[in-house]
Amino acid sequence: MAENHYDAGDITILEGLDAVRLRPGMYIGSTGTKGLHHILWEIVDNAVDEAANGYASRIDVRIYKDGSVSVEDDGRGIPTDIHPKTKVSGVQVVFTQLHAGGKFDEHNYSFSGGLHGVGASVTNALSKWLKVRVCKDGSAWEMQFRSYYDEQKQKVESGVPVEPLKKTGSCGQKHGTLVHFLPDDTVFSSVQFQLSTVSHRLKELAFLNKGLTITLTDERITANEFSDDEEDEGARQLDLIGATQPYSVTFCYRGGIADFVSYLNEGKNRLYAQPLYYKGERDGIHVEFAIQHTGEFTENLFSFVNNIPTPEGGFHEMGFRGGITRMLNDYARDNKLIKEKDANFLGEDFREGLTAVLSVKMKNVQFEGQTKTKLGNPEARSPVESCVVEGLRALAADAKNKKIFEEIIKKAQGAARVRIAARQAKDTARAKNSIDSLTLVGKLAACSGRKAELNELFIVEGDSAGGTAKQARIRQFQSILPLRGKPLNVEKKRLDQVLANEEIRTIISALGAGVGNDFNLDKLNYHKVIILSDADQDGFHIRCILLTFFFRYMRPLVNAGHVYIGMPPLYKVYKQNGSAEEYAYDDKELAEKIEKVGRGYLVQRYKGLGEMSAEQLWKTTMDPMRRNLTQVTIEDAAAAEDMITTLMGDRVEGRKEFLNRNANFNKADPFMDKVKLKKEASDEA
């Protein structure tokens with residue numbers, strides 16, 4: 001029996017940065033790719049805060065060949081004088097003390113993305129080494145930190161100063177901070193920064209901070225090895241300079257979020273040429289928004305608070321939507337575009353085909369929600385709504401915008417007619433039970449379990465694979481829904497057209513949570529929705545179609561992390577006598593499995609799921625203890641929007657270029673570059 005002894009001596013006090021090293025997930029979310037990039041964002045956000053408060057105009061980010069990364073800004077520079085309480089330099093305090101920073105009051109920063117003062121110190125704690133150079137008041141100062149294992153203490157010492165801050169010379173008129181660090185590979189599962197992830201976030205920050213110049217350089221590749229669509233046309237030219245110089249791109253947008261909306265709407269049919277833009281302030285909350293309507297049928301609102309994305313929305317989005325609805329209904333009434341006897345438009349009518357970027361800056365931000373990306377400040381709703389109403393009225397008062405507002409009302413009228421027709425169609429369908437249980441007769445093999453959090457739905461390509469999956473499943477918690485043909489590509493379709501597609505209707509029925517504005521996550525029948533398709537072009541296309549549908553009409557399902565991709569193997573490596581059997585998911589792994597099986601091996605190439613036996617499908621793809629399952633969540637909603645428009649919309653040239661560069665159907669989907677991939681834990685219940 002364990003000793004029943006517990007007193008003050010049993011309480012462990014974690015000093016300095018020990019807590020970060022012991023429980024990194026508490027500070028950066030995970031030790032995977034997301035956490036790795038998080039420690040970079042902490043340093044970048046500090047630089048952006050300098051720019052957002054008017055002290056900096058340039059940020060340079062550089063990824064080095066050794067995997068380290070640096071962030072340099074031309075701001076005021078971290079304080080180098082001695083802190084009155086700790087008796088060490090301000091630089092040392094910032095990088096070694098949790099909850100230490102200049103952002104807890106309003107004296108130095110009116111608005112800040114890093115509110116908790118843990119950013120720089122957490123980055124330091126989770127790095128092998130970190131170097132700081134500060135240019136301030138004509139002098140250059142430098143300091144280094146390192147993490148190492150202390151044999152005597154039998155623990156890792158994190159972010160320890162190598163020596164105190166020292167003056168290294170003069171820097172003339174130059175001012176700012178350079179932070180250079182190497183992530184610790186004993187902490188992170190991968191220490192390779194992803195160029196696309198870093199590039200998209202920096203581009204987003206440049207849009208959100210009008211006039212800020214952000215340069216990204218990656219020394220790991222040359223200019224000719226990477227060219228990002230529109231950013232660096234010259235990098236496509238195979239010249240000597242491009243073959244030796246590192247890839248570099250500069251982001252600077254004089255139009256700010258108005259340019260952001262234009263970028264998001266590239267390739268779309270726009271109702272008016274330039275976005276409508278307004279910036280205002282109410283009750284200490286600064287509100288900036290840009291909107292533009294397109295010929296599409298879905299709404300795309302991207303919101304930010306102090307430069308932090310809020311994909312789960314919050315009170316600022318409520319205020320934004322309320323302001324649009326109130327002002328445009330008033331405008332339609334005042335201009336006799338709604339008859340007196342007719343009811344007002346609904347908000348969704350005005351937002352059909354709307355692309356909008358909302359940027360709010362405020363003090364005392366409180367985040368909540370599944371991933372702490374939902375604004376929880378109720379006091380933000382009314383000021384945002386007032387600013388939106390005020391801004392749209394000012395824009396409507398300008399004579400040159402009269403035709404634009406008439407077009408917006410005209411589109412809303414069409415949306416309202418479709419909404420009413422779709423509602424009638426759904427009501428009729430419900431009356432006939434065609435979007436409820438009867439739709440699924442002969443299609444869905446339902447599980448017997450009634451706990452949604454334990455249940456899994458496999459959406460399977462084809463009746464053949466569906467039949468095998470039904471034999472392989474565990475009936476208590478696994479349901480199988482075979483697709484008897486490709487579902488509708490919903491990217492260019494209205495909701496009523498979407499509901500007319502039988503395959504889409506069966507998916508809606510099986511999930512049980514509704515669709516579009518009626519989608520309710522609380523009614524979801526399955527907490528794992530697993531897309532299981534062949535590892536070929538057709539399977540990839542079906543996967544893209546389904547992900548597009550979920551993104552457009554069930555986005556909370558994706559945001560909450562309920563969508564997964566089942567990854568079936570491409571090969572079986574075995575011996576005829578049954579003494580060995582291994583599965584490979586790509587060509588690289590095939591070579592490893594062949595070496596493992598040894599002489600006398602045979603290889604079977606799976607052309608589709610239907611070629612597998614029930615036992616093989618269970619063992620490789622459906623068994624929670626052994627399967628290779630990938631979770632899909634949207635890391636960057638704007639990047640995902642751009643990717644879906646490219647792959648599933650009318651951008652023929654963009655799609656062709658993307659597929660030529662990325663498509664390899666023996667590897668993970670190129671689509672998945674824009675979403676988070678996370679291998680499911682092998683000890684999952």
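This short presentation describes the cores, one sheet and one buried cysteine of a predicted model.

Residues are numbered from 1 along each chain as its sequence is written. Because the model is predicted, local features need pLDDT of at least 70 and side-chain atom pairs count only at pLDDT 80 or more, whereas totals for chains, interfaces and linings use all residues; side-chain values use heavy atoms, without hydrogens and water.

Let me begin with the interior. The largest nonpolar core (buried Ala, Val, Leu, Ile, Met, Phe, Trp, Tyr and Cys residues joined through side-chain atoms within 4.5 Å) has 63 residues. Buried here means under 20% relative accessible area, with a 1.4 Å probe and protein chains only. Helix α3, residues 33-52, supplies the largest share of this core, nine residues. (Helices are DSSP runs of H or I, at least four residues, and strands are runs of E, at least two, numbered from the N terminus.) L202, among the residues with the most contacts inside the core, touches V44, V61, I214, L216 and F251, leaving aside residues up to four places away in sequence; contact means heavy atoms within 4.5 Å. Apart from this core lies another, of 39 residues, including Y272 and L301.

I turn now to the sheet. Five strands form an open, mixed sheet in the order β10-β11-β14-β12-β13, where pairing requires at least two DSSP bridges between two strands. Its edge strands are β10 and β13. β10 pairs with β11 in the antiparallel sense over seven bridges, and Y278 stands opposite F289 in β11.

Finally, where does C387 lie? C387 belongs to helix α11, residues 381-397, and counts as buried because its relative accessibility is 1%. Among the residues that C387 touches, beyond four places in sequence, are Y278 and F289.

Methods
Buried < 20%, exposed > 50% of the residue type's maximum accessible area, 1.4 Å probe, protein only.
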